[in-house]
Amino acid sequence: MITTLKDISELSQYAARSFIGIANKAIEERGRFLVALSGGSTPMRLYELLGDQFQNDVDWSRAHFFWGDERCVPVDDAGNSYGQTKKILFDKIGATNIHRVNSDLAPDSAAMDYAHTLKVFSEPPLDWPRFDLVLLGMGDDGHTASLFPNSPVDVTSPTLAVTANYQDRPASRVTLTQLVINDAREIWFLVAGKNKAETLLNVLDGAYKPRLYPAQRIKPVDGNLVWMIDEEAASLL
Ligand code: 6PG
């Protein structure tokens with residue numbers, strides 16, 4: 001499903017209200033809400049809204065926060081997704097169940113350590129949890145999480161250590177693979193900006209080329225996929 005919003009502000013408000021709905025539904029049905037957050041700039045306004053306008057709308061003690069990927073830099077580095085989110089969301093809501101990638105470890109060790117964390121929350125026969133929600137962004141090169149063009153498509157592990165260069169961001173990363181993401185109940189892409197329009201057209205309407213456009217690897221096994229995009233990103237659709 002594709003939902004087009006006027007701009008990043010409207011997109012963030014829509015995403016925040018939807019996030020609250022999914023969180024409360026998961027807590028009501030299963031007693032907890034497992035969410036994998038995205039890094040990057042697009043979801044920042046969403047996180048601010050959740051920490052401010054919506055901070056009293058969920059029993060956050062039932063929410064467990066993970067990441068779809070993380071950059072292997074210290075938490076106080078501006079490139080660390082956990083560190084960015086702590087200030088604008090976790091400190092505001094008093095989050096206690098935060099399961100971040102241990103970015104202080106070497107990438108391979110961090111990937112293994114994160115796989116162990118996922119196993120703690122796994123739902124057999126899987127070795128990872130069925131996330132209630134996975135938030136994703138999309139780079140203008142078609143990557144998502146830290147699954148980049150020409151990275152391995154046929155994966156067997158839930159996490160990978162990768163090195164990738166994208167804009168001015170840290171290159172050494174840990175990522176969830178599509179094995180984990182596609183088992184989620186809800187998967188949302190938040191995509192905004194004119195610079196994403198051509199890639200979005202190729203990802204959504206072009207040939208299936210998952211090595212070139214890793215965002216195309218995201219296909220829920222038994223869940224719901226929503227693209228929340230703004231009018232600029234949607235301009236070629
Ligand atoms: C990250 C994200 C990455 C991001 C895209 C889009 O850690 O950088 O997980 O996949 O979502 O690069 O980034 P923007 O939202 O900044 O365009």
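**Exercise 1.** In this predicted model, find which polar backbone atom lies 2.7 Å from an oxygen atom of the ligand, and describe the backbone of that residue.

*Solution.* Step 1: the backbone atom belongs to Ala-145, and its partner is an oxygen atom of the ligand at 2.7 Å. Step 2: a polar contact needs two N or O atoms within 3.5 Å, and the pair at Ala-145 has a distance of 2.7 Å. Step 3: locate Ala-145 in the fold; this residue is in the loop between β5 and β6 (159-163). Step 4: read the backbone angle. Phi of Ala-145 is near 50°, which is positive although the residue is not glycine. Most residues other than glycine have a negative phi.

**Exercise 2.** Describe the surroundings of the ligand, starting with how many residues surround it.

*Solution.* Step 1: the ligand is surrounded by 17 residues, and the closest are Ser-41, Thr-42, Asp-69, Ala-145 and Arg-169. Step 2: sort this shell by class, which gives 3 nonpolar, 9 polar and 5 charged residues. Step 3: look at side-chain contacts. Lys-196 places a polar side-chain atom 2.7 Å from a ligand oxygen, while for Ser-38 the corresponding distance is 3.4 Å. Step 4: consider the cover. On its own the ligand has 420 Å² of accessible area, and the protein covers 97% of it. Step 5: identify the site; the ligand takes up the space of the largest pocket.

**Exercise 3.** State which residue forms a salt bridge with Lys-25, and where the two partners lie.

*Solution.* Step 1: the partner is Glu-29, with the closest N and O atoms 3.2 Å apart. Step 2: compare with the cut-off for a salt bridge, 4 Å. Step 3: both Lys-25 and Glu-29 belong to helix α1 (residues 8-30), where they are 4 residues apart, about one turn. Step 4: side chains of opposite charge can pair when their charged atoms come close. The whole structure contains 12 salt bridges.

**Exercise 4.** Is the peptide bond from Pro-124 to Pro-125 cis or trans?

*Solution.* Step 1: omega is near 10°, and the bond is cis. Step 2: Pro-125 is in the loop between α4 (107-120) and β5 (133-136).

Note on methods: Residues are numbered from 1 along each chain as its sequence is written. This is a predicted model: local features need pLDDT of at least 70, side-chain atom pairs count only at pLDDT 80 or more; totals for chains, interfaces and linings use all residues. Side-chain values use heavy atoms; hydrogens and water are left out. A residue is near a molecule or strand if one of its heavy atoms lies within 4 Å of it. A polar contact is a pair of N or O atoms within 3.5 Å; within protein, one must be able to donate a hydrogen and the other to accept it, and residues adjacent in sequence count only if both atoms are side-chain atoms. Accessible areas come from the Shrake-Rupley method with a 1.4 Å probe; for residues, only the protein chains shown count as cover. On a 1 Å grid over the protein atoms alone, a cavity is a set of points where a 1.4 Å probe fits but cannot get out, and a pocket is an open set with protein on both sides within 12 Å along at least five of seven lines; lining residues have an atom within 4 Å of a point. A molecule sits in a cavity or pocket if more than half of its atoms lie within 2 Å of its grid points. Ala, Val, Leu, Ile, Met, Phe, Trp, Tyr, Cys and Pro count as nonpolar, Asp, Glu, Lys and Arg as charged, and the others, Gly among them, as polar. A salt bridge is a side-chain nitrogen of Lys or Arg within 4 Å of a carboxyl oxygen of Asp or Glu. Helices (H or I, at least four residues) and strands (E, at least two) are DSSP runs, numbered from the N terminus.
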